[in-house]
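Hello,

Here is the structure we spoke of handing over. Please look through it before reading my notes underneath.

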Amino acid sequence: FPVTISFFSLWSMIVLLYSFKWSDVLVLDSGFVAYFVYCFIVFPFVIGYSFSYLVPINFRRDFRKALVPLIDDRRLNFFLIFFISVTTLEIILYKGFPLIWFLVGDARGYADYGIPTIHGLVNAVHLVLLTIYFYKALKGESSWIIFIMLIVWCVMMFSRFLIMIAIVQCLFLYMQCVKIKLSSLCKVVLLFFIFFWLFGYVGGVRSGIDSTREFFGITDSYPEFLPPLFIWVYIYLLSPINNLASWYGYGNDDLSMPNLFATLFPSFIRDLIYSNEN
């Protein structure tokens, strides 16, 4: 129940923030965005999560016990070594990483870093490791050092995307593992504001805080009491919904091969498929 309420409240906050239209980037009608969010995101989640309560309690307990061996130390160490090895290789190949590039005045950014296709897999492994080590630290099965280092790497990558995903994953995991008390709630709120500051700071450093208002097309209705750094959080919270809702109704009528399954493959394989078609 707390998870459902939290999920519903979070998306309701997104809908409310969108309705303020503090940026020219948000071009869709607020009513349509609310319809899209509740019909295609909130409602399917609530229905799917509700079905989990139909599963017998004993089966659920057995299933959770079966998950424990999946995160044994040997398997975890293998993926940690894989992440460190590939990351080291990328640093060597690209002669640094985004934070170093910024400090030395290199014009390259986060999008220019990483081995194509492989870097996406590395990011996925990074987020999984981060979440597992957060869980193990909460349970007292591991120190917080590795988790903190993985979080720091998100910042060193100048990646607000990685920071956002990591915080959301850990937040929901925390709510599942820890009985919510007033002290726990205060910690969550504190972490939330730290995340806001960190997220906005990274964005301001990368693009310049002074040009943020012009860059995002901030409207006159934007509250002056909010710090400029909040603009980055606001845009990154709402732009994915803006994009998803914009795609609604644009179905793909071409069900022929290979068009139907082409997007399921990495880009270099997809390019080979289409080049062969031509």
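The notes below cover one helix and then the salt bridges. Please keep in mind that this is a predicted model.

Helix 2 runs over residues 30–51, which gives 22 residues. From first C-alpha to last it reaches 30 Å, close to the 32 Å expected at 1.5 Å a residue. There is nevertheless a kink in helix 2, of about 35 degrees and centred on Y38. At the start of the helix, the backbone nitrogen of G31 has a side-chain oxygen of D29 within 3.0 Å.

Which residues of helix 2 are buried? They are V33, A34, F36, V37, I41 and V42. As background, residues three or four places apart in an α-helix point the same way, because there are 3.6 residues a turn.

On salt bridges, a search of the whole structure finds two. One joins D106 and R108, with the closest N and O atoms 3.1 Å apart. D106 counts as partly exposed because its relative accessibility is 29%, and R108, at 30%, is also classed as partly exposed.

The other salt bridge is between the side chains of K136 and E141, at 3.7 Å from N to O. Is each partner buried or exposed? E141 has 52% relative accessibility, so it counts as exposed. K136 has 7% and therefore counts as buried, the cut-off for buried being under 20%.

That is what I have for now.

Regards

How values were computed: Residues numbered from 1 in each chain as written. Predicted model: local features only at pLDDT ≥ 70, side-chain atom pairs only at ≥ 80, totals over all residues. Heavy atoms only, no water. Helix = DSSP H or I, 4+ residues; strand = E, 2+ residues; numbered from the N terminus. Expected span 1.5 Å × (residues − 1). Bend = angle between axes of the 7 residues up to and from the residue. Buried < 20%, exposed > 50% of the residue type's maximum accessible area, 1.4 Å probe, protein only. Polar contact = N/O pair within 3.5 Å; in protein donor to acceptor, adjacent residues only side chain to side chain. Salt bridge = Lys/Arg side-chain N within 4 Å of Asp/Glu carboxyl O.
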